[in-house]
Amino acid sequence: MHTVQARPSRPLPQRAFLIVGALLLAAVASLLVAGMTGSIAVAPGELPDALVQVLQGRTDSMAATLLELRAGRALTAFVTGGALALAGVMMQALLRNPLADPYILGISAGASVGALLALLLMCAAATIDAAALGGAVGVSMLLYLFARRDMRSGAALDAGTSMLLLTGVILSSSCMALVTLMLSVAPEGRLRSMVFWMIGDLAGAPVRPLPWIVLGAALLYALRSARAMNVLALHADNAGTLGVRVGALRKGLFFVSGLLTASAVTSAGSIGFIGLIIPHACRFAFGPDHRVLIPAAVLGGGSFLVLCDTLARTVVAPTQLPVGAITALIGAPIFLYQLHQLRK
Amino acid sequence: MSTHDTQMSIRTRQLELRAADRILVQGLDWEVGRGECWSIIGRNGAGKSTLLRTLAGLRAPEGGAVEIDGMPVTAWKLEDLARRRAYLAQSRHDAFAYSVIETVLSARHPYHGKRYWEGNDDHAAAMQALAAMEVDHLAARDVRTLSGGERQRVAIAALLAQDTPLLLLDEPANALDLAHQVQVMGLLARLCRQQHKTVIMIGHDLTLAHRISSHALLLTGDGRWTAGPVADAMQPARLSDTLGHPIDTIEHGGRRIFIPRETNHD
């Protein structure tokens, strides 16, 4: 028996630290770019001083004021992008389908129904968020009731997850039918805000601690389950024979990704493509091992949305584009390119 | 652990298996001891895979119980059980681009406890298993690019890396070329005889099964079953009855060869 020297794809802890470290730097850089860019740019020379001021809680200079204003929106973009990317990774592992995204099971469609109903009835901003959350939670509960049996281990091999997928797709289209109905009866004046909500928009998105708490808790759960997620992704139902509690893991992935999606959609509307292309790009670049993929997707998704949002508010300034349009415009070609590369 | 190893046994009590309303196996009282190598033989749909999945604890029986080391399989902690028995599924579907070595390392999951990364011992076990299946040169390859036979050998390597005293294999010779069929079967026989592992496998090659197995379980698919040492269980008359086709045997070089009798196609 000969020994094999090369271990090319061994997920060395060092390699993981390198990747996560690099992405962490990229995340900080994206936040700084977002803080500097806008109708009035902050020069790189002013940056250190302004940053110190913001961190100390005083905004004496113009640069510091601008930075603080933009930082809130950039941080919301980051937490939303990170949550959507992580939800995508979890949904793909749950359904064992790399083409799944956080919206596929209709959670965002449910949120749209709630939010649009609130917009139609001219409710206050806080009520719109609450209605969106209510819609997302309602669809999740309905989905769980329908597919509860299929999430157990031993539920007829892969048939279980395809039942969950089908149920979700049908629920999603029912919600979209309600959305179309509301859009068609909405008065002219409210249509614009409703459409913007649907596309996903970070303008006016409130700065709140809750999305960070949700993302932090979800990340903790995901990292603790990362090894089990690898086993589930590889062995499906037979992961049970390797000591993975398949039923509990599937339920966990379902609820945590649903929570992340609901949290992201509630604060920024249904921003598309992040949950699909970021996990894909990270898998393409760093491999499918969830122990690396999970932190990489969170950091990558966050940075990507921060940059997209910066683009959305500057590209045709003073008009602000909904960021969802930018992510789709950038995301679709990248995704097609990746698919094409994979086939070669 | 060592006391467990000497007691390794799997036993069924009044086991009953059904598919829809059809009774596949009824009243199966069966005991498999340490170091025994069993072949499960039967027609398509006779309940062989259903039985193996039930033994693995992946599905609940319709009646009776399965015990491993004297404890009901349902009472085991999954992680402890994963260090006692390994299961090779009949087929697999790879959705993600995991590499071969990652696939085999995933079989070390039950040994990791709370650790985040594998240790060097896991890598050593994985590489050794890959070498035993002659697929160590594929370690870095994407599993989705492998041929059917290569993928099967990688799956068996993962089973070996799991390093359990009990191995349950659903058609291990599936998709393997002739040379590798013989090699894999020889390896399983050696595991039983030299390392006293217990093997229960499903196979359709009677000659190969007869050569390497110590025992055989025949399932008729209507509830009836026969279990015993190959010399008793693998009588041509019994096999003909079980498989629903007349079977002849010839002796060649000290080996018994099973051949299906020709039927007229006129």
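Analyst: Before we start, one term: a helix here is a DSSP run of H or I, at least four residues long, and helices are numbered from the N terminus. Keep in mind that this is a predicted model.

User: Okay, let's use that. Which residue comes just after α6(B), and what sign does its phi take?

Analyst: Here's the general idea: most residues other than glycine have a negative phi. Now the case here: just after α6(B), Asp163(B) takes a positive phi of about 55°. Asp163(B) sits in the loop between α6 and β7 of chain B.

User: How exposed is Asp163(B)?

Analyst: You count C-beta atoms within 10 Å of the residue's own: 20 or more means buried, 12 or fewer means exposed, and partly exposed is in between. Asp163(B) has 16 C-beta neighbours inside 10 Å, so it counts as partly exposed.

User: Where else should I look for a positive phi in a residue that is not a glycine?

Analyst: Try Ala20(B), where phi is also positive, at about 55°. You'll find Ala20(B) in the loop between β1 and β2 of chain B. Ala20(B) counts as exposed because it has 4 C-beta neighbours inside 10 Å.

User: Back to the helix, then. How many residues does α6(B) have, and how far does it reach?

Analyst: To read a helix, compare its reach with a rise of 1.5 Å a residue. Helix α6 of chain B covers residues 148-162, which is 15 residues, and goes 21 Å from its first C-alpha to its last, close to the expected 21 Å. As for its surroundings, 13 of the 15 residues of α6(B) are buried, so the helix is largely enclosed by the rest of the structure.

User: Now a strand. How many residues of β7(B) are buried?

Analyst: The idea to start from is that side chains in a regular strand alternate between the two faces of the sheet. In β7(B), residues 166-170, five of the five residues are buried, so this strand is largely enclosed by the rest of the structure. Look at the two sides in turn: Leu166(B), Leu168(B) and Asp170(B) are on one, Leu167(B) and Leu169(B) are on the other, and all are buried.

User: Which strands does β7(B) pair with?

Analyst: In general, strands of a sheet pair through backbone hydrogen bonds, either parallel or antiparallel. Here, β7(B) pairs in the parallel sense with β6(B), residues 85-88, over four bridges. To find that pairing on screen, look for Arg85(B), which stands opposite Leu166(B). There are also five bridges between β7(B) and β8(B), residues 198-202, and these strands run parallel too. For that pairing, find Leu168(B), with Ile200(B) of β8(B) opposite. To get from β7(B) to β8(B), the chain passes through helix α7 of chain B, residues 178-195, in a right-handed β-α-β crossover.

User: And where would I see antiparallel pairing?

Analyst: Chain B has an open sheet of four strands in the order β2-β1-β4-β5, with antiparallel pairing. Its edge strands, β2 (22-32) and β5 (71-72), each pair on one side only. Inside this sheet, five bridges join β1(B), residues 10-19, to β4(B), residues 63-68, in the antiparallel sense. One spot to look for is Arg13(B), whose bridge partner in β4(B) is Ala65(B).

User: Let's zoom out. How many helices and strands are in chain B, and how many are in chain A?

Analyst: Chain B has 10 helices and 12 strands, while chain A has 12 helices and zero strands. For chain A, the radius of gyration is 21 Å and the globule rule gives 20 Å for 344 residues, so chain A is as compact as a globular protein of that length. Chain B, with 266 residues, has 19 Å, which agrees with the value near 18 Å for a compact globule. Buried residues make up 51% of chain A and 44% of chain B.

User: Last one: how many residues of chain B are in contact with chain A?

Analyst: To read an interface, ask who touches whom, then what kind of residues are there. Here, 30 residues of chain B are in contact with 29 residues of chain A. On the chain B side, α3 (78-82), β6, α4 (100-105) and α5 (120-132) each supply at least two residues. By class, that side has 20 nonpolar, six polar and four charged residues.

Terms used
Residues numbered from 1 in each chain as written. Chains lettered and ligands numbered in written order. Predicted model: local features only at pLDDT ≥ 70, side-chain atom pairs only at ≥ 80, totals over all residues. Pairing = 2+ DSSP bridges. Right-handed = clockwise from strand over helix to strand, strands pointing away. Contact = placed C-beta atoms within 7 Å. Nonpolar A, V, L, I, M, F, W, Y, C, P; charged D, E, K, R; others polar. Rg over C-alpha atoms; globule rule 2.2 N^0.38 Å. Expected span 1.5 Å × (residues − 1).
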